[in-house]
Amino acid sequence: MDLTKRKTARPYQQECLDVAIDLLKESIEPVLLNVATGGGKSLLNSFLAEWGVSQGFDVLCITSFAELVAQNSDELTDQGNHNSIFCATLNQKKYRANIVVATPQSLWSAIKKGNHPLKDRKFGLMLIDEVHRVNPDDDSTVYMKLINHYRFNNPELRFCGFSGSCMRGLDDPIYGEGKMFDRLHYSIGFNDLVQEGFLLPPVFGKHEHEDDFDYSEVKQNKAGKFDKAQLEFVAKDNSKTTRIIKKVLIDTADSYGTFIFCATAEQCKHVMDMLPDTARLITGDMNAKLRMKYMNEAKQGKVKYLVNINCLTTGINLPHFEDIVYLRLTESPVFFIQSIGRGSRLSPATNKRFFTVYDYAGNCDKFQGINDEALAGAIIKDNDEAKEAKLDVCCPTC
């Protein structure tokens, strides 16, 4: 094994691991770990998988996106842990290693065929990243089919879930009485990691608010999704989009990278028409290989602007990107925390000290009471004194 890249756990990561391992040793009750976006869930996944193998377990690591599968597998490899990737998007369907990293869709497709070796595999530990995506009330979902299948194979299966936002929908915690997780077993939030110097604080860019899109009348259904027609009606004002993007181009002229969250496909097209050839459009239905190509170009510094519709909230690790632009009102605190977390990672290569959020969609108004001290404290629009004080307090360099 090449251990030259092996990392040691940060203090909070070691505390999290100690809590999780003690619980997994004692019981088969599901363990829930909340670690803020950028807090190193892939590394925690690697350490726990390594512990599972040391206990004689076969370990299954599941996550929804091919990018996260690749990221978790790379972390395992860098830590010296042999693992197999089972993911159709990545064109890899290996399964013989003690640690298997997979997407739920690829895994269930193999099990359904009835004669695949993974069908009868007795995993001793299951790790699920982005576990808030699991709906334990619906056994027909792929996640629950997998959980129930492997629990049937091994009634002593240990189960651990990671999340940076332990909620489903608008404000429904995934833990509590009668839920899959009886409680939150360990949590470290965005504010804690900013204060300890492991994440960077947000600064909210100033602009004339008559340019903002007014989504206040757009309705949300019970699942928290916006009414599509109402959303399109507000976002169709191309003259407003034009004014905003012209200002964004000025504000981000010296930036290493900028995320732009749009409301509709038509708005994305209009934004792309105004951006230089260092811009790429990412959509939810995009070919996964093309999406990963664009991500790799961004990592290499060949792409400066990534335009999307709420699909760059997880599995994106671009520490040098330093600006976030919202032309869209975000549906839930979960998406807001995840999307804003794209800018919070440390970037020693660029000496980034903070990241800037340009909100043209009313997110600051909607989430000013968010249950996160660092974000709630930073969401003070048009207040230079508060902005400077926030930076003075939280900047890790200072």
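**Exercise 1.** State how many salt bridges a search of the whole structure finds, and work out where Arg280 and its partner lie.

Solution. The structure is a predicted model, and a search through the whole of it finds 11 salt bridges. In one of them, Arg280 pairs with Glu297, with 3.0 Å between the closest N and O atoms. This pair links distant parts of the chain: Arg280 belongs to strand E13 (residues 279-282) and Glu297 to helix H10 (residues 288-299), 17 residues apart. Both residues are buried. Arg280 and Glu297 are also linked with Lys293 in a network of salt bridges.

**Exercise 2.** Classify Asp273 and Arg328 as buried or exposed, and give the salt bridge of each.

Solution. Start with Asp273: its side chain meets that of Lys269 in a salt bridge (3.6 Å, N to O). Both lie in helix H9 (residues 265-274), 4 residues apart, about one turn of the helix. Exposed means over 50% relative accessible area; Asp273 has 57%, so Asp273 is exposed. Next, Arg328 forms a salt bridge with Glu331, the closest N and O atoms being 3.0 Å apart. The cut-off for buried is under 20%; Arg328, at 6%, is therefore buried, and Glu331, at 7%, is buried too.

**Exercise 3.** Describe the surroundings of Ile147.

Solution. Ile147 sits in helix H5 (residues 142-153). Its relative accessible area is 0%, so Ile147 is buried. Apart from neighbours within four places in sequence, Ile147 is in contact with Met126, Ile128, Val134, Phe159 and Met180. The C-alpha atoms of Ile147 and Leu157 are 9.4 Å apart, with their positions 10 residues apart along the chain.

Terms used
Residues numbered from 1 in each chain as written. Predicted model: local features only at pLDDT ≥ 70, side-chain atom pairs only at ≥ 80, totals over all residues. Heavy atoms only, no water. Helix = DSSP H or I, 4+ residues; strand = E, 2+ residues; numbered from the N terminus. Buried < 20%, exposed > 50% of the residue type's maximum accessible area, 1.4 Å probe, protein only. Contact = heavy atoms within 4.5 Å. Salt bridge = Lys/Arg side-chain N within 4 Å of Asp/Glu carboxyl O.
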